[in-house]
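User: Please take a close look at one part of this model, the open sheet and the helices that pack around it. Then set it beside the other helix contacts and hairpins.

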Amino acid sequence: MTVYEFAKGLILEAGINVKKIMKQGIEIETKSNPNDLVTNVDKATEKYIFDNIKQTYPEHLVIGEEGHGHDLKDESGIVWVVDPIDGTLNFVHQKENFAISIGIFNDGKPYAGFVYDVINDKLYHAKVGDGAFENGNSLSTIQSSPLKTSIIGINPNWLTKPKLGEVFKPIVDEARSARAYGSAALEIIHVATGKLGGYITPRLQPWDFAGGLIILQEVGGIGTDLMGNALSIYEPSSIVMANPQLHAELLEFHFQKNNEMIEALQKRLKH
């Protein structure tokens, strides 16, 4: 069994466990602020994934949202980047619109990505060079579109921030429309499947984007920070995920002209 096949089975098994624990009851805690939640399901799911990886591949490294591997910097070998529940607020309040996300990297290079929409039983997965899939169905190559005919994924809270609002509001004004789904992993998948033209956020953790990024790249989409730099699985970053035409347009006409403010933001993210 390949690592890809193992990971595919593991994320589906983790999803089954999530549904079981949900029936037993959700216990909620806060982390950095009242809106930054973690549940017993997040913790149990990450532990389940971590334990199974280590039992099968003890030499592999794991970076998980709920505590595993946050100090890792070594790119050698195989590294799993895991978000046990992406979209925890949705999970708590809606009991849907959340996902399990896994990105696997080999010597720092993407190997495979998985995003499992648990409630809808849709597994998006990709192995680099082999295309991307929704369950067993191949995903089509992403179609390009300009901003004026694109729907953008963006959290409306960012529009209320003084400096960020100056950058993001003109994008929303020019776009055909904007949406917020509350799960970064699923929003990246929406870009990969063409439901969104692009997804933008000034700050995202690696476990939020690692799985979706690999799937997006397999269908011809582009994911970078707001200045066009490659993303790292070892630090948070600003994010623009989009089809090629829209990605180029956003960088050239919106982000690069605000490069001083965005570069200052990037520096703050890394400290």
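Analyst: What follows starts with the sheet and then moves outward.

The model is predicted. Five strands make up the open sheet, ordered E11-E10-E12-E14-E13, with mixed pairing. Strand E11 (177–179) and strand E13 (222–224) are the edges. Each has a single partner strand, so one side of each is left without a neighbour in the sheet. From one strand to the next, the twist averages 15°.

Take the pairing of E12 with E14. Strand E12 covers residues 198–204 and strand E14 covers residues 237–242. The two are antiparallel and share five bridges. Isoleucine 200 has valine 240 in E14 as its bridge partner. As a general point, side chains in a regular strand alternate between the two faces of the sheet.

Now the helices on this sheet. Helix H5 (residues 184–192) packs against it and touches strand E10 (151–153), E11, E12 and E14. The direction of H5 makes about 150° with that of E12. Helix H6 (residues 206–218) lies across E12, E13 and E14. H6 runs at about 25° to E14.

Next come the helix pairs. Two packed helices are described by the angle between their axes and the distance between the axes. For helix H4 (residues 162–174) and helix H7 (residues 244–255), the angle is about 130° and the axes are 11 Å apart. That angle makes H4 oblique to H7. The crossing of H4 and H7 is right-handed. On the H4 side, the contact uses Val167, Phe168, Pro170, Ile171 and Glu174. On the H7 side, Glu249, Leu250, His254 and Phe255 meet them. By class, the contact of H4 with H7 has six nonpolar residues, one polar and two charged.

Helices H1 (residues 3–24) and H2 (residues 40–56) form another pair. Their axes come within 10 Å and cross at roughly 150°. H1 is therefore roughly antiparallel to H2. The crossing of H1 and H2 is also right-handed. H1 contributes residues including Phe6, Leu10, Ala14, Val18 and Ile21. H2 contributes residues including Val41, Ala44, Tyr48, Ile49 and Ile53. The contact of H1 with H2 divides into 10 nonpolar, five polar and one charged residues.

Then the hairpins. Strand E6 (residues 109–117) pairs antiparallel with strand E7 (residues 122–127) over six bridges. Aspartate 117 is bridged to lysine 122 in E7. Four residues lie between E6 and E7 in this hairpin. In its turn, aspartate 121 has a positive phi of about 55°. E7 also runs antiparallel to E8, joined by three bridges. Tyrosine 124 stands opposite glutamate 134 in E8. The hairpin of E7 and E8 has four residues between the strands, and glycine 129 there takes a positive phi near 95°.

Two loop asparagines close the survey. Most residues other than glycine have a negative phi. Asparagine 97 has a positive phi of about 60°. Asparagine 97 sits in the loop between helix H3 (88–94) and strand E5 (99–106). Its relative accessible area is 32%, so asparagine 97 is partly exposed. Asparagine 135 has a positive phi near 55°. The loop that holds asparagine 135 lies between strand E8 (132–134) and strand E9 (137–138). Asparagine 135 is partly exposed, with a relative accessible area of 33%.

Conventions: Residues numbered from 1 in each chain as written. Predicted model: local features only at pLDDT ≥ 70, side-chain atom pairs only at ≥ 80, totals over all residues. Heavy atoms only, no water. Axes fitted to C-alpha atoms, helices over the stretch in contact; angles between N-to-C directions. Parallel < 35°, antiparallel > 145°, perpendicular 65-115°, else oblique. Left-handed = near helix turned anticlockwise from the far one by under 90°. Contact = heavy atoms within 4.5 Å. Nonpolar A, V, L, I, M, F, W, Y, C, P; charged D, E, K, R; others polar. Pairing = 2+ DSSP bridges. Buried < 20%, exposed > 50% of the residue type's maximum accessible area, 1.4 Å probe, protein only.
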